Amino acid sequence: MSAPHVAIVGAGVIGAAVAFRLARAGARVTVVDAGLPAAQASGRSFGWINASFFLNAAHFALRSEAMAAHHRLDADLPHGTTTWPGCLWWEETGEAFDRTEARLRGLGYPVAVLDRQALAARLPHMAAIPDRALHFPTEGVTDTARLTRRLLAASGAEVWTGCPVTGVETASGRACGLRLASGRIGADHVVLAAGTGTPDLLAPLGIALALPDRPGVLVATRPLARVLDPVIVTPDQEIRQDAAGRLIAPAAASHQSDRADRLAAPPGVLADATIERLRAMFPGQAIALESATVGWRPVPADGLPVIGAAPLPGLWLAVMHSGATLCALAGEIMAAMILKGETHPLAAPFAATRPGLDRITAG
């Protein structure tokens, strides 16, 4: 029997992770994208891998297992882009801080409270040190653009770039391929991992998926001397420093839970304000703007991932934020579903057929 052929729409980190696991399991895989790999949200990601942010218990369980899946991916894709520097978090204070600590401890998440003295030792370049912070020692970071390219290269999949997909082909009541601007491609299965482009591909099939607008600006500074090892999360700013020395910072505080449907100001204004915050946090450092990039995050209407079979047989959906955290597990889950017909208990609450995905909620 010949290997099943799976066509994946979207060469971002989710599509790349699905391609990697499918190909490793014996499928023939073609990845199709209108642009270049990681050209959209995956190339504009903060890259924080965590389960300290979650919307409900099922979401926490999924994100926790996704962190474990990253370690499995590290073993299968050595010399990768993922590191595990941990996170220092003081986004909330007072009783809200205590509730967050208690909630995470109750879920068994690794967490410790550090006092001002311990924080000052870990953050010697920061001007203002809080009285206390939560330390999440198991959290990581990844360069999602580099990870995407490595996954695609290691998968052995065919990658067709510059090929806009105009529709999903159907025959005998199931998906059977893709229509391209320059022809078609047949497939046994079709995976839509096209981020914000997914609803337009689903609509002609009579399937509605609401992805409200969720724009964000990611700021990168010019490289500077090492001032930061862990991810830090303050009431006003999330920050990490990449391997090249750049400070990477979303322009919006609490970017993971940001539900704004438009930018609060032009990107340049938001970037300038972010740079001023960084300069105040790290005085004496030569902090200058290198880039400010606008990205459109694929956040389903209820804020939760979409993973699994679509209402049309042969069609599968993998649409979610945050791809940085969830990509490794999404690849495992989708490969097991498509090739073995296996269900994953953690994926059930995030089925593509769950109620409410066709409704746009208030931003």
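Strands here are DSSP runs of at least two residues, numbered from the N terminus; with that in hand, the loop holding Ser172 can be placed between E10 and strand E11 (174-180). Keep in mind for every view that this is a predicted model.

**View 1. Ser172, a loop residue with a positive phi.** Ser172 sits in the loop that links E10 to strand E11 (174-180). Its phi is about 55°, although Ser172 is not a glycine. That's worth a look because most residues other than glycine have a negative phi. With 81% relative accessibility, Ser172 is exposed, because the cut-off for that label is over 50%.

**View 2. Glu169 and its side-chain partner Arg184.** Glu169 belongs to strand E10, which covers residues 165-171. A polar contact of 2.7 Å ties the Glu169 side chain to that of Arg184. Leaving out residues up to four places away in sequence, Glu169 also touches Arg174, Ala175, Cys176, Gly177, Leu178 and Arg179, besides Arg184. Its relative accessible area is 17%, so Glu169 counts as buried, the limit being under 20%.

**View 3. Ala38, another positive phi.** Here the phi is about 60°, and Ala38 isn't a glycine. You'll find Ala38 in the loop between strand E2 (28-33) and strand E3 (48-49). Ala38 is buried, at 9% relative accessibility.

**View 4. The cis peptide bond from His321 to Ser322.** Omega is near 10° for this bond. Ser322 lies in the loop that runs between strand E20 (315-319) and helix H8 (323-340). For context, most peptide bonds are trans.

Notes:
Residues are numbered from 1 along each chain as its sequence is written. This is a predicted model: local features need pLDDT of at least 70, side-chain atom pairs count only at pLDDT 80 or more; totals for chains, interfaces and linings use all residues. Side-chain values use heavy atoms; hydrogens and water are left out. Helices (H or I, at least four residues) and strands (E, at least two) are DSSP runs, numbered from the N terminus. Buried means under 20% relative accessible area, exposed over 50%, partly exposed in between (1.4 Å probe, protein chains only). A polar contact is a pair of N or O atoms within 3.5 Å; within protein, one must be able to donate a hydrogen and the other to accept it, and residues adjacent in sequence count only if both atoms are side-chain atoms. Contact means heavy atoms within 4.5 Å.
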